[in-house]
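Reader: Please take a single part of this model and look at it closely, then place it among its surroundings. I would like to see how far each statement can be trusted and which cut-offs lie behind the terms.

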Amino acid sequence: MASLLSDGRVLVGTLRNNILIGASWGADLTPHVWGHRDEVWGLAVHPGGGLVLTGAWDHTIRCWNTTFRECIWSQELEAGVQTVAVSADGKALVVGFTTGIWVTLSMDDRSEIVRQKCGKEPVQD
């Protein structure tokens, strides 16, 4: 998985649960953040800049400060995370689980806004 930051840098998720960063596509990549205990499947860039959200099969989502390379917050969830996305206004976070459920959470306090079950298959981007 990969995402493009507003400043043109590239974030790439690895199979070893790390996020790498590079100046552009094809550039050398260096470790940026690490901390999940299982495979990272979700990666979203916050539209306000400076924040990246990750979700993993370790049942957590994490919010990272891209400047200081630190985890700002982490939230334990009910199941493995397959995908994450941030709304265009940056106020909501959508999390898709390996169980076929997706939820919308408030970015302010991570309270649940909406919950839906789409089936038994993992929710994909």
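Author: What follows is a close look at one open sheet, with its strands, hairpins and core, and then a shorter view of the rest.

The model is predicted, so local features are described only at a pLDDT of at least 70 and side-chain atom pairs count only at pLDDT 80 or more, whereas totals for chains, interfaces and linings use all residues. Residues are numbered from 1 along each chain as its sequence is written, and side-chain values use heavy atoms, with hydrogens and water left out. The protein averages a pLDDT (the predictor's confidence in each residue, from 0 to 100) of 87, and 91% of the residues score at least 70. Among the elements, strand 11 (residues 101-106) has the highest mean pLDDT, 97, and strand 4 (residues 30-34) the lowest, 64; strands here are DSSP runs of E, at least two residues long, numbered from the N terminus.

The part chosen is the open sheet whose four strands follow the order 9-10-11-12 with antiparallel pairing, where two strands pair if DSSP finds at least two bridges between them. Strand 9 and strand 12 (112-117) each have a single partner strand, so they stand at the edges with one side left without a neighbour in the sheet. From one strand to the next the twist averages 15°, an angle taken between the N-to-C directions of lines fitted to C-alpha atoms, on a scale from 0 to 180 degrees.

At one edge, strand 9 (81-86) is joined to strand 10 by five bridges, and the two run antiparallel; within this pair, Ala85 faces Val94 of strand 10. Five residues lie between these strands in their hairpin, where Gly90 takes a positive phi near 75°. Although strand 9 is an edge strand, five of its six residues are buried, that is, under 20% relative accessible area, with exposed meaning over 50% and partly exposed the range in between (1.4 Å probe, protein chains only). Thr83 belongs to strand 9 and counts as buried because its relative accessible area is 10%. Its contacts (heavy atoms within 4.5 Å), leaving aside neighbours within four places in sequence, are Gly42, Val94, Val95, Gly96, Val123, Gln124 and Asp125.

On the other side of the sheet order, strand 11 and strand 12 also pair in the antiparallel sense, over five bridges. Thr104 stands opposite Val114, and the bridge partner of Val103 in strand 12 is Arg115. The hairpin of these two strands has five residues between them, and Arg110 takes a positive phi near 60° there.

The sheet also contributes to the largest nonpolar core, which has 17 residues, and the members that touch the most others are Ile61, Leu93, Val95 and Phe97. Such a core is a set of buried Ala, Val, Leu, Ile, Met, Phe, Trp, Tyr and Cys residues joined through side-chain atoms within 4.5 Å. Strand 7, strand 9, strand 10 (92-97) and strand 11 each supply at least two of its residues. Phe97 touches residues including Leu77, Val81, Val103, Pro122 and Val123, when residues up to four places away in sequence are not counted. Apart from this core lies another of eight residues, among them Leu5, Leu11, Ile19 and Ile21.

Turning to the surroundings, a further open sheet of four strands has the order 5-6-7-8, with antiparallel pairing. Its edge strands are strand 5 (40-45) and strand 8 (70-76), each pairing on one side only, and its twist averages 20° from one strand to the next. Within it, strand 6 (residues 51-56) and strand 7 (residues 60-65) pair over five antiparallel bridges, and Gly55 stands opposite Ile61, one of the core residues named above.

There are zero disulfides by the rule that a pair of cysteine sulfur atoms must lie within 2.5 Å. Cys63 is in none, since the nearest cysteine sulfur, that of Cys71, is 7.4 Å away. Cys63 is buried because its relative accessible area is 2%, while Cys71, at 32%, counts as partly exposed.

Finally, Asp28 lies in the loop between strand 3 (18-22) and strand 4. At 71% relative accessibility Asp28 counts as exposed, and with residues up to four places away in sequence set aside, Asp28 touches Ile21 and Gly22.
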